[in-house]
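This briefing is for readers who wish to examine a model at the level of strands, helices and surface. Please inspect the sequence and coordinates shown here before turning to the points that follow.

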Amino acid sequence: MELKQLRYFATIAHIGSITQAANELNIAQPALSRSVKKLETELNCSLMIRHERGIILTESGEQLLIHARQLLAQADDAKSAVASIQQLQQGKVRIGIPTMLGSYFFPPLLMAFHNRYPGLALEIVDEGSVTIRQMLSRGELDLGIIAEEESCTELTSQPILNEEMVCCMATDHPLTQFTHIHPEQFLQYEQIGFHAGFFHQRFIEQFSRQSKIAPHKIMTTNLMPLIKTVVRQGFAISILLKLVIQPEDEIAIRSFVPPESIHLHLAWHNQRYLSRANQIFRDFLLKELR
């Protein structure tokens, strides 16, 4: 079994089509099919079922895919380890940061890091905490900001921030007459929020379970300026990190009863090699936020 075969197989599984995978890999389709057949012969099992729309992995294929991804990630890690000496001059940090933090909390930190290490590139992936945790597990990210609840045994994490989640509304909204907001009050009004996979969604679901009231979302988006505009103009309310609301937003905020907070961690995979560039960024971030 060769790494090239596993890479071919993983690409087919990801794309779902041998023809499209051959185009992606820039090899002839017959050659790719022979590679899969050779792998099946060596393992003495069928790895995928071909049909007119593409392929479906068998149970054996699903198991192989898990190990193939791990082996390919380890091979990439080995290359990164060998190249670590050069990484301080031309390395790259891949980190997943949820939208609210990426827009309002991290910019000064990212600019300070770049000023100190101008040779290191920063690749910021804007996703929700749940998605970031999944990407860390699959080796698609090196570092990620996740909610404490998203941590798992394969990830190592360090706490970096505890921040209150507040109810956000127009300054003339009926809820502004209250000093604190109960979950059932929040759910009585139309809401705008983030897509599934963001920690924002977990609070809405929690409120719904507690109050037995279904949420009424009129819009989901990951665009913070859009959320703020809709809230400011009174079309809907939202639940956001307190730190993202600025005086110029002209948005009223109220704490919940009981107060709701999110505990955020910096996380990385504990079985994958962390490049020198990512180690430096991790240590920089933990020191700055300590």
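**Strand E5 and its neighbours**

Leu 266 of strand E12 is the bridge partner of Ile 145. The model is a predicted one, in which local features need pLDDT of at least 70, side-chain atom pairs count only at pLDDT 80 or more, and totals for chains, interfaces and linings use all residues. Residues are numbered from 1 along each chain as its sequence is written, and side-chain values use heavy atoms, with hydrogens and water left out.

*Pairing and burial of E5*

- Strands and helices are DSSP runs numbered from the N terminus, with at least two residues for a strand (E) and at least four for a helix (H or I).
- E5 pairs with strand E12 (residues 260–269) in the antiparallel sense over 4 bridges; pairing requires that DSSP find at least two bridges between two strands.
- Strand E3 (residues 92–97) runs parallel to E5 and is joined to it by 2 bridges, with Ile 95 opposite Leu 143.
- In E5 (residues 143–147), 5 of the 5 residues are buried, so the strand is largely enclosed by the rest of the structure.
- Buried denotes under 20% relative accessible area, exposed over 50%, and partly exposed the range in between (1.4 Å probe, protein chains only).
- In a regular strand, side chains alternate between the two faces of the sheet.
- Both faces of E5 are covered, with Leu 143, Ile 145 and Ala 147 buried on one side and Gly 144 and Ile 146 buried on the other.

*Helix H12*

- Helix H12 comprises 14 residues (residues 276–289), and its end C-alpha atoms lie 20 Å apart, in agreement with the 20 Å expected at 1.5 Å a residue; the expected span is 1.5 Å times one less than the number of residues.
- Buried positions in H12 are Ala 277, Asn 278, Ile 280, Phe 281, Arg 282, Phe 284, Leu 285 and Leu 286.

*Surface around Met 219*

- Met 219 belongs to strand E9 (residues 217–220) and is partly exposed, with a relative accessible area of 30%.

*Whole chain*

- The chain contains 12 helices and 12 strands, and its C-alpha trace spans about 70 × 50 × 30 Å along the principal axes.
- Of the 290 residues in the chain, 46% are buried.
- Among contacts (heavy atoms within 4.5 Å) between residues at least 6 apart in sequence, 73% join residues at least 24 apart.
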